Structure formats: C-alpha cells, structure tokens
Amino acid sequence: MKRMNHKNEKTWDEEWELIARLNHAQKFDEYIEELGIAWKAFEQGNVPKGLRPAVHASWIRSHEEGIDAYRFEYQLCAEHELRRVMTRNSALIAIARDIMRNLLAYNPDGHINLTDANGVTMHYCGQDLTPVGSILSEAISGTNCTGRCIKENKLVYMLSAENYKEALRIRGKHCAAAPIRDENGVMLGVLTLTANPGYFHYHTLGTVQAAAEAISQQLILRHLVNEQESVMESLNEGVLVVSERGTIRQLNRYARQILGIQEDVRFRDADEVFMPDDCSFRALLACKDRNITLSPGPVSRITCVISVVITPEGG
C-alpha cells in the first residue's frame, strides 16, 4: 500500500510540474503542437511521446471502448432517469449553484458544470457547453476532464489537445475538475471548470479544488444539522435552543406541543414569545430542575421544570 501511494504521489507531482512549467502562452502553444503529434502517433498504433501517462491510459481505455474520436454529440440520459438524478442530488445542486456562480466571476467567457458521480450533468453556468442531462463519463464521452476525475477519483486537469474527441481538441479550451465528497470521503459529484487558455494556469487547479471542498463542507454541515434536528424531534422532552442574544434558534416537536406553539418562532426574541416570569432567557445560568412559569399565549400560563446547558458558542 505504501508503494502504491508513493507511486501515485510521484505521478501527481509530475503532472503539477508540467502545468507549473506552462506559464506562458508560447509554452502552451508549443506543448499543444507536441500533443497533436502524440495523437497522430497514437492513431498509428505507436507510443505517443510527451503525453502524460494518465492521459495515455485514458486514450487507451477510450479506444478499447470503441469510442469514435471524430464523431461528437452528447449522449443524454433518459428523462425519467434525469429526474431521479436531480431529485436525489437536490441539496448538492442547491449548495453548488452559488459557489459555481462566484467561481465564474474569475473565469470570463468560461463554463462551469456539476455532474453526479456517474458523470450526468445536473447544472452549469457560463457558456452553454454541456447540456443538463449530458453524460460525461469516460466510457461514454471518451477522455475528458470530468470523465478522468470520476475514473481516477482525484483533482485532474486536461489541456485541449489531450481530449479524445477531435471536436474538444479543436475547441481549444482547457479544464480542471475536482471531486465533491461526503463525510465518508465518497464521491458525490464532480465540479469542472472550462476556460480559455489565457485564463487557465497553475492556480486554476487550486481554485477548483477549493470550490469543490467548500461544496463538500456545506453538504456535510447540512447533513449534521439534519441529523441533529432528527434526534431532537424524536426526543420525548422539550428542547429549546436560544442564542446568547436571546433569539430562538430551535424548538423541537415536544416543546411546541407543550407550549402550544404552532407557527415558526425561530429567530424571534424568546422573552417576547414565552414571557417568562421574573427572569430573562438571556440571563439564565446553567442549572438543573428549575421551576419556571411561561406565558406563550394571551391566556395561557405554563409552569415547567427546566434544565439549562450553556453551549460553547454561548447559547
């Protein structure tokens, strides 16, 4: 296992070294010409020179899948399957949408797309390059940035002439793609940025990686919040969470039932909603089994036994 990791790290260092060397348009152009020669060698059954090993391996897989490099049209998944994919990934799409829009601000005339872990496009912004529902997996579309990311399960980049499809090579755009993962490290989707050569450089990879990690962290946080809410709702005790400023953060099902609260009272002042006798929720100290009388309605008065726990955030 250590040898495998060392080998992967060495290969990855070589890939980063390449993109770091290609700082100027002239160097990019020279290397793109080399890739054109490499493609001709590959077509003739020879080993291409100057091609990254990971890209060469992807070309071989695409060839073995019988993919036509000179025919280009996106394969779309069935409508019922797309609806299922969109529904299952609704939280991912909602979180990614704003981050993708912000990322586009640094990439004029660019394109950013979001796929699920099988390569189905669920959302994009910027140029209309990959329609929603298009399948970008390597086995369907040949060597491309999103497909490589899914196959290799890591941050990758693709220069235009490294694509398997001629139409993508001619298009002249470079791409970087990063996995979006859940709390267990399982890939949920891929974020891919496509840019014109003048806006694609070494730091583009870090930008895409950071955006994908931001989406992952927000998904994990949402999962934890939903998990916490599920636990609170299942309790047979009333739970009220109040901020240090006295605003209501959360009120579980049992507390709403006891206090007769039907409307959403989150973010309102707890003292105004519950009208405690002779105290304020803002001034309550940690305690156990304290009697308190509340008046949550115009004519209702309820005496409760409460325990107060101060959270690390001060609520």
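The largest cavity in this predicted model encloses about 170 Å³ of space. Under the criterion applied here, the count is 1 cavity of 30 Å³ or more. Its lining comprises 17 residues, and those closest to the centre are Y74, T130, N144, L168 and R171. Which elements give two or more residues to that lining? They are strand β1, residues 111-116, helix α7, residues 145-152, helix α8, residues 166-171, and strand β5, residues 187-195. By class, the lining of the largest cavity has 7 nonpolar residues, 9 polar residues and 1 charged residue.

I turn now from the enclosed space to the open ones. The largest pocket holds about 1400 Å³. A total of 45 residues line this pocket, and V239, L240, V241, V242 and Q250 lie nearest its centre. Six named elements deserve to be located on the structure above: α9 (202-234), β6 (240-242), β7 (248-251), α10 (253-259), β8 (287-294) and β9 (302-308) each contribute at least two residues to the lining of the largest pocket. In terms of class, that lining divides into 24 nonpolar, 9 polar and 12 charged residues.

The second largest pocket has a volume of about 220 Å³. Its lining can be given in full: I67, D68, R71, F72, E73, Y74, Q75, A139, I140, S141 and K165. These divide into 5 nonpolar, 2 polar and 4 charged residues. Please note Y74, which lines the second largest pocket and is also among the residues closest to the centre of the largest cavity.

The next topic is aromatic contacts. A pair of aromatic rings is described by the distance of the centres and the angle of the planes. The model contains 6 aromatic pairs by the rule in use. One of them joins W39 and Y164: the ring centres are 5.3 Å apart and the planes stand at 85°, so this pair is classed as edge-to-face. As for position in the chain, W39 belongs to helix α2, residues 25-43, whereas Y164 lies in the loop between β3, residues 156-158, and α8; the pair therefore ties together parts that are 125 residues apart in sequence. Are these two residues buried or exposed? Both W39 and Y164 are buried. They also take part in one aromatic cluster, formed by W39, F42, W59 and Y164.

W39 has a charged partner as well. R169 lies over the face of W39, at 4.0 Å from the ring centre. A second arrangement of this kind involves R52, whose charged end sits over the ring of Y157 at 3.9 Å from the ring centre.

Helix α2, which carries W39, also contains E43. E43 has a relative accessibility of 44% and so counts as partly exposed. Between E43 and H63 the C-alpha to C-alpha distance is 9.6 Å, with 20 residues separating the two in sequence.

Let me address the cysteines. How many disulfides does the structure hold? The number is 0. Why is C77 not bonded to C149? The closest cysteine sulfur to that of C77 is in C149, and because the two are 19 Å apart, they are too far for a bond. C77 is buried, at a relative accessible area of 15%. C125 is likewise in no disulfide, and the nearest cysteine sulfur, that of C175, is 14 Å away. The relative accessible area of C125 is 14%, so this residue too is buried.

Finally, I would draw attention to two backbone angles. M275 is not a glycine, yet has a positive phi of about 50°. This residue is found in the loop between α11, residues 270-274, and β8. At 46% relative accessibility, M275 is counted as partly exposed. D289 also has a positive phi, near 55°, and is a residue other than glycine. In contrast to the loop position of M275, D289 is found in strand β8. D289 is exposed, because its relative accessible area of 53% is over the 50% cut-off. Strand β8 has already appeared in this talk, as one of the elements that supply at least two residues to the lining of the largest pocket.

Methods: Residues numbered from 1 in each chain as written. Predicted model: local features only at pLDDT ≥ 70, side-chain atom pairs only at ≥ 80, totals over all residues. Heavy atoms only, no water. 1 Å grid on protein atoms, 1.4 Å probe; cavity = no way out; pocket = protein on both sides within 12 Å on 5 of 7 lines; lining within 4 Å. Points joined across faces, edges and corners; volume = space filled by probe spheres on them. Helix = DSSP H or I, 4+ residues; strand = E, 2+ residues; numbered from the N terminus. Nonpolar A, V, L, I, M, F, W, Y, C, P; charged D, E, K, R; others polar. Disulfide = S-S within 2.5 Å. Buried < 20%, exposed > 50% of the residue type's maximum accessible area, 1.4 Å probe, protein only. Phe/Tyr/Trp six-rings, centres within 6.5 Å; stacked < 30°, edge-to-face > 60°. Lys NZ or Arg CZ within 6 Å of the ring centre and 35° of its normal.
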